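Work through the exercises below with the sequence and the model in view. Each task is followed by a stepwise solution.

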Amino acid sequence: MRWLICIALCSCLEAQVPFDRILHADTEPGNWLTYSRDLGGKRYSPLSEINRQNVRHLKVKWAHQFSNGNNEVSPIVIDGIIYITGPNTAAALDAHTGRDLWHWSRSIPTDYRSVGFGLTSRGPAVLDDKLFIATLDGFLVALDLKSGAQRWLTQVLDYKLGYSMTMAPLAIEDKVVVGISGGEAGIRGFIDAYDAKTGKRAWRFWTIPAPGEPGHETWTGDSWKTGGGPTWVTGAYDPELKLVYWGVGNPGPDWNGDLRHGDNLYTCSLVALDAGTGKLRWYFQFTPHETHDWDSAHVPVLFDAEVNGAKRKLVAVANRNAFYYVLDRVSGKFVVGRAYAKQTWAKRLDAAGKPIPAGNADPSPEGRVVWPNANGATVWYSTSFSPETGYIYVSVREIASRYFKRETPYKPGTEFLGGGEDELSADDAWGAIRALQAATGEQRWEFKLHSPPWAGVMATAGGLVFSGSDEGNFYALDAGTGKPLWDFQTGGSIDANPIAFNVEGHECVAIAADRVLFAFSLE
Amino acid sequence: MNLTDVAAFVRSLSSIPPEKLAGDPERGRLIYALSACAHCHILDGEGVGIGPDLTGIEARRGAAQIRATFIDPSKTIPHGFLLIETVTSAGKTIRGIRLNEDTFTIQIKDLRGSIHSFRKTELTQLKKLRNETTMPSFGATLSASELDDLVAYLASR
C-alpha cells in the first residue's frame with residue numbers, strides 16, 4: 001500500500017521534468033533522467049550503496065519480460081517509475097516490482113524493412129510532462145508521462161527510402177534532438193531538433209553537404225546523394241557552450257569506396273552543432289574515406305581535465321576504428337589519440353589526429369584480412385567516465401574480418417553495401433573491458449571477456465564498473481583495478497547499457513538481457 | 001534466387017544417389033566392434049556419447065572425410081568438440097570436451113561422460129587443446145581395405 005501511495009503521489013507531484021532537473025542530474029542521483037544519466041555522456045552513477053565491499057550480495061529484485069528479443073534499451077527512471085522502449089513500443093514500469101503501469105505501441109508497417117540492423121529501440125527521452133520515442137517507421141512521438149497517451153506525433157523521415165530510427169532522443173533546453181539509421185541503404189543522413197511542446201521541426205543538419213556547401217568537394221559526382229552518414233546513436237550536450245555533440249556513421253556504399261572518391265565529409269566524424277540553430281560549429285573526421293563500416297556512431301564523453309598544465313574542456317571518443325581520441329570540445333582540435341585495441345589499417349595518428357594508412361587495408365574482390373571487424377573495436381554501446389578514477393571504461397572487441405569489395409547498384413530502400421565481410425573464427429576472437437586514463441588514453445587495466453561484447457559500461461561511485469557479456473553474464477568489476485567482484489548469468493545475450501537508480505532510497509542496477517529487463521539490489 | 005528456389009534445391013539434395021563405396025559393410029561392423037568405437041560414439045542409439053554421434057555421419061561428412069578422420073583425427077575435429085584440460089585448485093587434472101563457456105564459467109564432459117562445471121577462479125590451469133583429440137589414429141592399426149570396410153559400415157547406418 002505504501003508503494004501505491006508513493007506512486008500516486010509521484011504521478012501527481014513529480015511527473016514533471018523541466019530541463020533544469022536534467023541539467024542538474026547530480027542533485028538527484030536516484031533518478032536516471034537522460035540516456036547517459038548526464039548530458040555529458042558519462043553513464044556514471046553517483047550512487048554508492050552498492051559498492052566494492054557488498055556487491056557480492058547483489059540479488060535479482062525483479063525481472064520484466066519484454067514482448068520482443070534482443071532488447072538494447074537504456075531506461076529512464078523518474079521517482080520510482082521506469083520508462084522503457086522497444087520496437088515501436090513504450091511502457092512505464094513500477095520500479096518496485098517491474099510491473100506495467102501503462103503501455104503504448106504503434107504498428108510497424110507491413111512493408112517496413114530493417115536494412116542493416118535489427119528491430120530495436122535504445123530508449124526514450126523525457127522533458128517536462130512528456131516521454132519521447134523515436135519509431136522504426138520514422139516518427140518522433142510525444143507521450144503523456146502519466147498515462148502513455150499520445151500528445152503529438154511528427155514524421156521525421158520516409159522509411160521506404162531505407163531510413164529508420166533506433167536511438168534514444170536527447171532532450172535539451174526546449175528541444176528534442178534525434179538521429180537516424182540507414183547507413184546500409186544509401187540514405188543521406190541528418191540530425192534533427194524538434195520543439196518539445198509542439199513537435200514542430202526547429203532545425204536540420206545534413207551530414208552530407210549539398211552542392212555549394214562547405215565539404216561538398218569531398219564527394220565525387222552524385223555520390224553525395226547516397227552518401228550515408230547516419231546518426232543512430234544518442235549524442236551529448238554542453239549547456240555552457242550550447243553545443244550538441246553527435247557522432248556520424250559510415251559512408252555509403254559501405255565497402256566500395258571507388259564510387260565516392262574523397263574524404264566523404266561528414267561521415268565517420270564528430271560534429272558540434274549550435275543547439276539553437278543546428279549550424280555546424282566544428283567537425284573532426286576520425287576515418288576519412290572510410291571503407292570498413294566503422295561508423296563513428298558513439299556517445300561522446302564530455303569531461304574537463306588538465307592538459308599540459310592548463311584546464312581544458314574535452315570530449316573523448318573510443319572509436320569503432322580502434323583508436324581513442326581526445327579533442328578540445330570548444331574548438332574541435334585534436335589533443336591526443338592512440339590505439340586501444342588491435343588494428344591493422346593505420347600506422348598511427350599524425351599530429352592533427354589524422355590516420356596514416358598502413359596500406360593494403362581496403363576491401364578487395366579477393367578479400368583482405370583487417371583488424372577490427374566491421375562491428376569495430378567497440379560499437380554503439382556506451383563507454384563510461386568515472387570522475388573518481390579519471391578513467392574511461394571501454395567495452396572492447398578483439399576480432400578481425402576478411403573484407404570484400406563488390407559492385408553495388410543503388411535501389412532506394414534496399415542494401416547499398418558494395419561488399420561484405422567474413423568474420424574470422426569465433427575461437428580466435430575475444431573481448432575486454434579496458435580502463436583508459438581519460439585525458440591520455442593510456443591503458444590502466446584490462447578484464448578479459450570470453451567473446452567480443454555487445455554491452456555498454458556503467459561506472460558508479462561505489463567503485464564499481466558494471467557491464468554484460470554476449471553469453472549473458474552481468475558482472476561488476478573493481479573500478480580501480482578491474483578485479484571481478486560479482487557476476488550473474490541472465491540466460492540471454494546482453495546487448496544493452498546498464499543503469500542505476502534508487503527505489504525507496506535503496507540502490508538498484510538494471511540491465512536488459514535479450515527478452516528480460518533485470519533489476520538487482522542488495523535487499 | 002528466392003526462398004522457394006532455395007527450398008527446392010535443399011530438397012533435391014536428399015534425392016542424390018548414395019556414393020558407391022569399395023568396402024564391405026558387414027566386415028566393417030566387426031571392425032567397429034573390435035576397435036571399441038562404441039566406447040566413445042553412439043551409432044543407431046547404441047554406445048557412449050562422448051564423441052560425435054555417428055548415425056548418418058556419411059550424409060553429413062562424406063566417405064572421404066570419414067576415412068581421413070580415421071587416419072588423422074586431429075585434422076578434422078568437428079565444431080563443438082574442443083578438447084580442454086583443466087587443473088583444479090585441489091590439483092586434480094580433468095580433460096574433456098567443452099560443452100559451454102562464458103567469461104566466468106566452463107562446462108566440460110570428461111572422457112567417461114561425466115559433466116564438470118567450474119568457476120574459472122577455481123582453476124589453476126585452463127588449456128584449450130585446439131588441434132588435439134582423444135580419438136586415436138587407425139592409420140597404423142587398420143589396413144587400407146579395413147578402413148574401407150569401416151567407412152562402408154558407417155555409410156550403411
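Helices (H or I, at least four residues) and strands (E, at least two) are DSSP runs, numbered from the N terminus. The model is predicted: local features need pLDDT of at least 70, side-chain atom pairs count only at pLDDT 80 or more, and totals for chains, interfaces and linings use all residues. Residues are numbered from 1 along each chain as its sequence is written, and chains are lettered from A and ligands numbered from 1 in the order in which they are written.

**Exercise 1.** Describe the pattern that chain B follows along the sequence.

Step 1. Chain B has 5 helices and 7 strands.
Step 2. Their order along the sequence is α-α-β-β-α-α-β-β-β-β-β-α.

**Exercise 2.** State the strand order of the open sheet in chain A and find its edges.

Step 1. Two strands pair if DSSP finds at least two bridges between them.
Step 2. The 4 strands of this open sheet run in the order E3-E4-E5-E6, with antiparallel pairing.
Step 3. Strands E3 (76-78) and E6 (100-105) of chain A each have a single partner strand, so one side of each has no neighbour in the sheet.
Step 4. Within chain A, E4 (residues 81-86) and E5 (residues 89-94) are joined by 6 bridges in the antiparallel sense. A:Tyr83 lies opposite A:Ala92 in E5(A).

**Exercise 3.** Determine what share of chain B is buried.

Step 1. A residue is buried if 20 or more other C-beta atoms, placed from the backbone, lie within 10 Å of its own.
Step 2. By that count, 23% of the 157 residues of chain B are buried.

Methods:
Buried ≥ 20, exposed ≤ 12 C-beta atoms within 10 Å, placed from the backbone.
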